[in-house]
Amino acid sequence: MSEDARRAEIAANLDRVRERVAAACAAAGRAAEEVRVIAVTKQYPASDVRVLAGLGVRDVGENRDQEAAPKAAECRDLDLTWHFVGQLQTNKVRSVVRYAHVVHSVDRPRLVTELGRRVRAEGRALTCLVQVNLDPESARGVIGPRGGADCADVPALAEAIEAEEGLSLGGVMAVAPRDGDPLKAFDRLNAVADDIRGRYPHATVISAGMSGDLEAAVERGATHLRIGTALLGDRGLIVG
Ligand SMILES: *Cc1c(COP(=O)(O)O)cnc(C)c1O
């Protein structure tokens, strides 16, 4: 595909996403400015990040350090806000804190101390979201790797982030379980977010909603949407 065709395709996708967000906000009685779209650019090249930036997108999300680090370096001149949204191993923290402004996937105490230590060593600052596990099956260890902390462990993690110099608590993040009603899942997230905001009034971020469930997320109070497929296309169809 030519550069112009790709630009036109992404621009049309972005229009559609913005329309969906506006409609969801209107339906929920919320102002469109309350909701930010993070473009999740994983598996897509830095040239697409550049196109998105040209269209006014300021927030970019990635889920693997091996891919994100070189992409962020290539796009340094764009002055974007980089969100790390994937599961984070402690041995990747040193690299991630060099380019990320927000880490959405903080789910264990060990990660908090490592993020703090490494971010101070870089002389930077980092906003952290506590990732909440909304899937009762994986929470009980029945299926899959556990991404996110159990709801009961969220307050202690929030406190640990706040106590760590160089880190600030932004709020909470979650991925809706694959099956089940996303509205119900985001209801649970909203309750956790309420509790955290009661303790830390500045921790207002609710990162929820992806291409398939952004309407439900907006309905249940999401402030940040992480949108990949709807902006850049189906990652299963990437060739070459
Ligand atoms: C890939 C990814 C997204 C984007 O998902 P889409 O369905 O492509 O919009 C959002 N959040 C996380 C954590 C992801 O890994």
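Colleague: Buried here means under 20% relative accessible area, calculated with protein chains only, so how many residues of strand S4 are buried?

Modeller: This is a predicted model, and in it strand S4, residues 102-106, is mostly covered, with five of its five residues counted as buried.

Colleague: How many bridges join S3 to S4, and do they run parallel or antiparallel?

Modeller: S3 and S4 run parallel and are joined by two bridges, and in one pairing Phe84 has Val103 of S4 as its bridge partner.

Colleague: What about S8, are its faces covered or open?

Modeller: Both faces of S8 are covered, since His224 and Arg226 on one side are buried, as are Leu225 and Ile227 on the other. S8 spans residues 224-227, and four bridges join it to S1, with the two strands running parallel. Within that pairing, Ile38 stands opposite Arg226 of S8.

Colleague: Stay with His224 for a moment, why does it count as buried?

Modeller: His224 counts as buried because its relative accessibility is 14%, which falls under the 20% cut-off. Leaving aside neighbours within four places in sequence, His224 is in contact with Arg36, Ile38, Val205, Ile206, Ser207 and Ala208. Of these, Ile206 is 18 residues from His224 in sequence, while the two C-alpha atoms are 6.1 Å apart in space.

Colleague: Switching to the ligand, which residues surround it?

Modeller: The ligand is surrounded by Val40, Lys42, Asn63, Val85, Met173, Met210, Ser211, Arg226, Ile227, Gly228, Thr229 and Arg235. Sorted by class, that shell holds five nonpolar, four polar and three charged residues.

Colleague: And how far is an oxygen atom of the ligand from the side chain of Lys42, or from Gly228 and Thr229?

Modeller: An N or O atom in the side chain of Lys42 is 2.7 Å from a ligand oxygen atom. For Gly228 the partner is a backbone N or O atom, and the distance to an oxygen atom of the ligand is 2.8 Å. Thr229 contributes a polar side-chain atom, which lies 2.6 Å from a ligand oxygen.

Colleague: What share of the ligand's accessible area does the protein cover?

Modeller: On its own the ligand has 390 Å² of accessible area, and the protein covers 88% of that.

Colleague: Glu62 caught my eye, so where is it, and is it buried or exposed?

Modeller: Glu62 is in strand S2, residues 59-62, and it counts as buried because its relative accessibility is 1%.

Colleague: Which side chains make a polar contact with the side chain of Glu62?

Modeller: The side chain of Glu62 makes a polar contact of 2.5 Å with the side chain of Thr41, and another of 2.8 Å with the side chain of Lys71. Not counting residues up to four places away in sequence, the residues that Glu62 touches include Lys42, Glu67, Trp82, Phe84 and Val85. Among these, Lys42 and Val85 also belong to the residues around the ligand.

Colleague: Arg6 next, what is its side chain joined to by a polar contact?

Modeller: A polar contact of 2.7 Å joins the side chain of Arg6 to that of Asp48. Arg6 sits in helix H1, residues 3-28, and counts as buried because its relative accessibility is 14%. Apart from residues up to four places away in sequence, Arg6 touches Met1, Tyr44, Asp48 and Leu232.

Colleague: On to the backbone, what are the phi values of Gln43 and Asp79?

Modeller: Phi is near 70 degrees for Gln43, a positive value in a residue other than glycine, and near 60 degrees for Asp79, again positive in a residue other than glycine. As background, most residues other than glycine have a negative phi.

Colleague: Where are those two, and are they buried or exposed?

Modeller: Gln43 lies in the loop between strand S1 (36-40) and helix H2 (46-54), and it counts as partly exposed because its relative accessibility is 46%. Asp79 lies in the loop between helix H3 (65-74) and strand S3 (81-84), and with a relative accessibility of 64% it counts as exposed.

Colleague: Last one, what does Ser95 touch?

Modeller: Ser95, which is in helix H4, residues 93-99, touches Asp65 and Ala69, not counting residues up to four places away in sequence. Ser95 and Gln66 are 29 residues apart in sequence, with a C-alpha to C-alpha distance of 9.1 Å.

Methods:
Residues numbered from 1 in each chain as written. Predicted model: local features only at pLDDT ≥ 70, side-chain atom pairs only at ≥ 80, totals over all residues. Heavy atoms only, no water. Near = heavy atom within 4 Å. Polar contact = N/O pair within 3.5 Å; in protein donor to acceptor, adjacent residues only side chain to side chain. Areas by Shrake-Rupley, 256 points an atom, 1.4 Å probe, with all protein chains shown as cover. Nonpolar A, V, L, I, M, F, W, Y, C, P; charged D, E, K, R; others polar. Buried < 20%, exposed > 50% of the residue type's maximum accessible area, 1.4 Å probe, protein only. Contact = heavy atoms within 4.5 Å. Pairing = 2+ DSSP bridges.
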